[in-house]
Structures are given as structure tokens and as C-alpha cells.
Amino acid sequence: MAKLILTHEVTGLGEPGDVVEVKDGYARNFLIPRSLATPWTKGAETQVSAIRKARKSREIATREDAEAAAASIQSKAYTIEAHAGAAGRLFGAVTTADIAAAVQSAGGPSVDKRKIEIGQPIKSTGVHTVSIRLHPEVSAKIELEVVAG
């Protein structure tokens, strides 16, 4: 088992700054090459505290603030224009960065693209449901309309 410090959020594993133990192959072949984690050392405790401090400054402070942000996000309508063929199939896919930009341009709060969860890749026009994690206990579901542009 390898002991690692997460530098980015990994779904099902932990948040940035968490110290986790994973199998060697998962660490060597997935987490470390993608810069999602660094090997744990005794001197890395200062790095862990810096990551946690940065995470606290970025995330929404309380559950009540997150619920208020979720209510404001869910009350708006979101539309993304994408290049599509005649049958409504997109040339490419809608990314989480596109969704974050659409939320911000519609007057919503700035959302971290890593907090946006898309069930299936969005590769067609129409209305799609997307989930945004605002707080560990609060998430907002939005209806996203993709139109040919």
C-alpha cells in the first residue's frame, strides 16, 4: 500500500490535502502521473496544511451559504450553444468548463469546473441534467439546454 497526499479532489477517495493509502498500482499508474497526488513524506505535512488552507479559502464556508447558492443556481435557466450536425449530434461534447462558464454568464456564482458532475457525456442537443457539488453535504441539480449554434 502506498501513502499519498491528494493534491486534487478524487471522487470516492478524498479532498485535496487528505492523506490516503491506496494500492501501489493505482498510485503509480493513475494518481501520480495525472498530478492528483504526491507521495507522502515527513516533510510534506507543511504541504498538507497549505493545501487545506487554500481549499478552505475557495470553498463555501457554511452549509447555509451553500444552500442559498444552490437555490440561486437552480432558479436560473442555462443554455449552451454548440456546433451540431443536422440530426442534433454535437461535434465534440459539452465540457465542465463550458457549463461553469454558462452558470457564471447567467448571473450565478463562479463554480469550480471540478465540482461539476456529468452522468453521461453530453453529445447531443436537448435538455440535460447536471449536478454541481457546492459543499460536501449540498449539491445543486440544474437543467442545461444545449442548442445548435
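This briefing covers model confidence, the nonpolar cores and the surroundings of histidine 128. The structure is a predicted model, in which local features need pLDDT of at least 70, side-chain atom pairs count only at pLDDT 80 or more, and totals for chains, interfaces and linings use all residues. Residues are numbered from 1 along each chain as its sequence is written, and side-chain values use heavy atoms, with hydrogens and water left out.

**Confidence**
- The chain has a mean pLDDT (the predictor's confidence in each residue, from 0 to 100) of 86, and 96% of its residues reach 70 or more.
- Among the elements (DSSP runs: helices, H or I, of at least four residues; strands, E, of at least two; numbered from the N terminus), helix 1 (residues 24-31) has the highest mean pLDDT, 93, and helix 2 (residues 45-58) the lowest, 72.

**Nonpolar cores**
- The largest nonpolar core (buried Ala, Val, Leu, Ile, Met, Phe, Trp, Tyr and Cys residues joined through side-chain atoms within 4.5 Å) has 24 residues; Ile132, Ile142 and Leu144 are among those with the most contacts inside it.
- Strand 9 gives this core its largest share, five residues.
- A second, separate core of ten residues includes Leu4, Val10, Val20 and Ala37.

**Histidine 128**
- Histidine 128 lies in strand 8 (residues 126-135).
- Histidine 128 counts as buried (under 20% relative accessible area; exposed is over 50%, partly exposed in between; 1.4 Å probe, protein chains only) because its relative accessibility is 19%.
- Its side chain reaches the backbone oxygen of serine 124 at 2.9 Å.
- Beyond neighbours within four places in sequence, histidine 128 is in contact (heavy atoms within 4.5 Å) with Ile122, Ile142, Glu143, Leu144 and Val146.

Technical notes
A polar contact is a pair of N or O atoms within 3.5 Å; within protein, one must be able to donate a hydrogen and the other to accept it, and residues adjacent in sequence count only if both atoms are side-chain atoms.
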